[in-house]
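Dear colleague,

Please find below the structure that I am handing over to you. My notes on what was found in it follow directly after.

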Protein chains: 2
Amino acid sequence: MDLSGNGRRAQRVTIRDVARDAGVSVAAVSKVLREAYGVSDALRAKVRDSMERLGYRPLAAARGMRGQTYTLGVTLSDIRNPFFTDLMAGINAALERTQYQPLVGISHSTSAIEAGLIESMMDRQMDGLILVAPHLTGAPLADLARRIPIVVVGQHQPNATEFDTVNNDDELGAELVVRHLAEQSFARIAMLSLAFDRAGSVEATVNGRRETGYRRAMAGLGLKQHINVVRAAQTLREIQTTARHMLEGPNRPEALFCWTDFVALEVISVATELGLSIPDDLAVVGYDNTFLCDLAQNDLTSVDQSGETLGLQCARLLIERIKGRGEAQHFMVKPRVVVRASSQKR
Amino acid sequence: MDLSGNGRRAQRVTIRDVARDAGVSVAAVSKVLREAYGVSDALRAKVRDSMERLGYRPLAAARGMRGQTYTLGVTLSDIRNPFFTDLMAGINAALERTQYQPLVGISHSTSAIEAGLIESMMDRQMDGLILVAPHLTGAPLADLARRIPIVVVGQHQPNATEFDTVNNDDELGAELVVRHLAEQSFARIAMLSLAFDRAGSVEATVNGRRETGYRRAMAGLGLKQHINVVRAAQTLREIQTTARHMLEGPNRPEALFCWTDFVALEVISVATELGLSIPDDLAVVGYDNTFLCDLAQNDLTSVDQSGETLGLQCARLLIERIKGRGEAQHFMVKPRVVVRASSQKR
DNA sequence: TTGTAGGCGTTATCAT
DNA sequence: ATGATAACGCCTACAA
C-alpha cells in the first residue's frame, strides 16, 4: 500500500524503530530528541547510539502536529539588495549547529503577496518568523505576533511589546553621512529617498529614519536652507528619471545621499552618462555598504550596518522568543561610515 | 490543555469544522480540497462556501503526514549572484496561482551544508526540489532523485533519466561571445573561468561548458594559438589576484571573457585601478546579463540566458514530475549576446 | 526514571 | 456520489 502519493518515498525509520532497537519506550526516545527532562545518561546514550546506527531523522511534519517543526520562516521582499545576503549569512551562521532550519520566502514587493506568504508559513507550522522590512505594520503586525513568535528587522517599533526588532540606528547613520560630507566642505547636500508606498508612520520605516537623521544633521550644521529630500519609488525607471532630473536641474546638489546603495549605483550611472565626474561635480553616498561599493568603478562611500551581526541577532532573539520569552527586546547596532572615493574631495 | 507548545497558537479551523458547517463528511471536504474525483457540483459549491466563510486553511504539516505538503524546496548556493533573483522571479510567477509554495534554503558554498539542507527539506516532506547549480552530482544525485522529484538547473545532465534539467546552452553562449569579440577584431581573447572545486565532469558544469564553447569557437576562427583559460576560485580575493596577474602580465589579453558577470565586474574594477581603459586597452564580457550590466560605470556586454524563463520551466517541470511524469525532460534555452560598450571598439 | 495510550489534521481505502 | 474510519509519526498527560 502506497501512502506517499508518488510511490517512491523510501521507508522511514521512525521513533518506534529507534525505541525497539534501543530497547526503550517511544516516550524515552522523544525526550532524548527534544532534550527534555527525565532521562538518565545511560538511556540517552543508548538512544543516541540507535538513532545514529539506524540513521534516524525526525519527520518535521509529524513533529509539527504536536510540537515544534524546528523551521523558521524568513520573508524577503526585495531579494535584489545584496544587503540581504549578509543578513542571511548571519541567520544561517547562528543556526548552523542547532536543529532549526531557516527557510526563505520571497514576496516581491506587494503587500498582498507578503500576507499570503506569511499565512502560508503559518500553515506550515513554522515555529517563528523573521520579517525583513515587511509591509505589514501597526496593529495587524501586533496581532500576528500574538499568534506566532516574530522578529522584525528593518522596521523601527521601539515600543512594540509583542515582537522583537533588530535594526541599525538609521537616524545616526544618516547624521554621520551628513557630517562627513560637511567636513569635506560640501554644503548643498541633497537626499534621494524612497517613496512611501507602504502604510505606517515615517518614523517606523528605515528610509524615514534616515530622512529624519539627514534633516536633523543639516539643521544642526546650519545647512537648513539646503535641506532637499526627493523621493523615488523602488523601480529602476523611476530612480533613473528622478536622478536625471536632479542632476540636470538648475542647481544641482554638490552631494547626494542615497537611502540605499542600489540607488547610489544608479545615480553614479546617470552621472557617468551625463559626463559628470565623481566626486568633483557630484559626491555620492549610499547605505548598506554592500560588496559592490568596493568595486573601483563605484568606489562608493556607504554606511555599514553589519548585516551579518543583525542576522545573528535575529536568529538569537527569535529562538529566545520561541523558548518562551515574553518581554520584547529591541536590538540596535551602531552604524559607521566607510569612506571611499565617491565623497572625498581631492 | 495547551498542545501548541507556546500557548498562543490560535484555534484552527479544521476540515471537520468545515464538514460540520457544510453538512457533509470530512472525506467530501478532503476531496474538494484536492480536487479529486467523485464530488458533485452541488456538494463542491457547498463546501467551498463553508471554507470561505470559516476562513479555513489546510494545515500543511498534517497534509504532509498522508499526502502532499504543497511545498517546493529551492536550494541556492550563492545568493550573491543576481541571476538567481531572476530565476526566483520565474519560479514565483509560475506558482502564483497554485497551491504550491516555494521555499528557499541557502547552502553557502560547501557541499556538506548542501547535503544537510537537502536532507532537511526531505524531513519537511517537501513535494519536490529545485536544485540550483548543486554540488551534488552523478550517482548520488540520481539516487536522491529516486526518492523525491527533482529539477536541476545549472548542471548539464542530458542523459539523466531520474530527474529533469533546465539550462541555457552555455556552450553556444560562449561561442557567441567569442564570435562577437572576433568580429570586433580582437584576437588575443582569454577566458577567466571558475576553479572546479566540485566533483563531476567538466561537461556537466556550467563553466565547463562555457570553456568548451570558448575553445571550440577559438579553434574554429583560427585563433587556436590564443586559447588561454585561467581559473579562479569563487572568492573575491582570488578573483582579484588572478585578474591583476592577468592584466599586469607580459602579454595582456585584448579581450577577457569572464564566466559570470560578477567576475567581470571585478575585472573592470581591477582594470580601472590599473588605469586601463575599457574597451580600448581591454574588452570585457560577462555572462548572465544581470541588471548591473546596464549601469553606465559597468556597461558590460553579457550573455542573456533569460533567468525568468528558466525559473518558469523549473516550476512547470517539477509539478509535472510530482504529478507522476516518469520520463526525464531536459529544457535548454538559447542564449543571446547583449552588446554594450565594454566590448565595442570605437 | 520509564512506559502506555490517546490525539494532532489530513488522506485514502473501503463500504454504502 | 458520499461517508465512516484507519492510518501517518510524533508528543505528552498520566500511570507505574
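In chain A, strand 6 (residues 189-194) pairs with strand 7 in the parallel sense, over 4 bridges. Within this pairing, Leu192(A) stands opposite Val230(A) of strand 7. Please bear in mind throughout that this is a predicted model.

The sheets

The two strands just named belong to an open sheet of 4 strands in chain A, with the order 7-6-8-9 and parallel pairing. Strand 7 (229-232) and strand 9 (283-285) of chain A each have a single partner strand, so one side of each is left without a neighbour in the sheet. From one strand to the next, the twist averages 20 degrees. Helix 9 (residues 206-220) of chain A lies across strand 6, strand 7 and strand 8 (255-258) of that chain, and runs at about 165 degrees to strand 6.

Chain B also has an open sheet of 4 strands, in the order 7-6-8-9 and with parallel pairing. Its edge strands are strand 7 (229-232) and strand 9 of chain B, each of which pairs on one side only. Here the twist averages 20 degrees from one strand to the next. Strand 6 of chain B is joined to strand 8 of chain B by 4 bridges, and the two run parallel; the bridge partner of Leu192(B) in strand 8 is Cys258(B). Helix 10 of chain B lies across strand 6 and strand 7 of chain B, at about 155 degrees to strand 7.

Helix 11 of chain B

Of the 13 residues of helix 11 of chain B, 11 are buried, so this helix is largely enclosed by the rest of the structure. Among the buried residues are Phe262(B), Leu265(B), Ile268(B) and Val270(B), and also Asp261(B) and Glu266(B). The cover over these buried residues includes strand 6 (189-194), helix 10 (236-248), strand 8 (255-258), strand 9 (283-285) and strand 10 (302-304) of chain B. As to length, 13 residues (261-273) at 1.5 Å a residue should span 18 Å, and the end C-alpha atoms of helix 11 of chain B are indeed 18 Å apart. Just after this helix, Gly275(B) takes a positive phi of about 75 degrees.

The contact between the chains

In the contact between the two protein chains, 50 residues of chain B meet 50 residues of chain A. Elements that each supply at least two residues of the chain B side include helix 5 (83-95), strand 2 (101-106), helix 6 (111-123), helix 7 (138-147) and helix 11. Helix 4 of chain B gives the most to that side, with 6 residues. By class, the side of chain B that touches chain A has 20 nonpolar, 19 polar and 11 charged residues.

The surfaces near DNA

Around DNA strand C there are 31 residues, of which Ser25(A), Met65(A), Ile15(B), Arg66(B) and Gly67(B) come nearest. Helix 2 of chain B gives the most to this surface, with 5 residues. The surface near DNA strand C comprises 18 nonpolar, 7 polar and 6 charged residues.

Around DNA strand D there are 31 residues, and the nearest are Arg66(A), Ser25(B), Ala27(B), Gly38(B) and Met65(B). The largest share of the surface near DNA strand D, 5 residues, comes from helix 2 of chain A. By class, the surface near DNA strand D has 19 nonpolar, 7 polar and 5 charged residues.

With kind regards

Notes:
Residues are numbered from 1 along each chain as its sequence is written. Chains are lettered from A and ligands numbered from 1 in the order in which they are written. This is a predicted model: local features need pLDDT of at least 70, side-chain atom pairs count only at pLDDT 80 or more; totals for chains, interfaces and linings use all residues. A residue is near a molecule or strand if its C-beta atom, placed from the backbone, lies within 6 Å of it. Ala, Val, Leu, Ile, Met, Phe, Trp, Tyr, Cys and Pro count as nonpolar, Asp, Glu, Lys and Arg as charged, and the others, Gly among them, as polar. The expected span of a helix is 1.5 Å times one less than its number of residues. A residue is buried if 20 or more other C-beta atoms lie within 10 Å of its own, exposed if 12 or fewer, and partly exposed in between; C-beta atoms are placed from the backbone. Two residues are in contact if their C-beta atoms, placed from the backbone, lie within 7 Å. Two strands pair if DSSP finds at least two bridges between them. Axes are lines fitted to C-alpha atoms, for helices over the stretch in contact, and angles run from 0 to 180 degrees between N-to-C directions.
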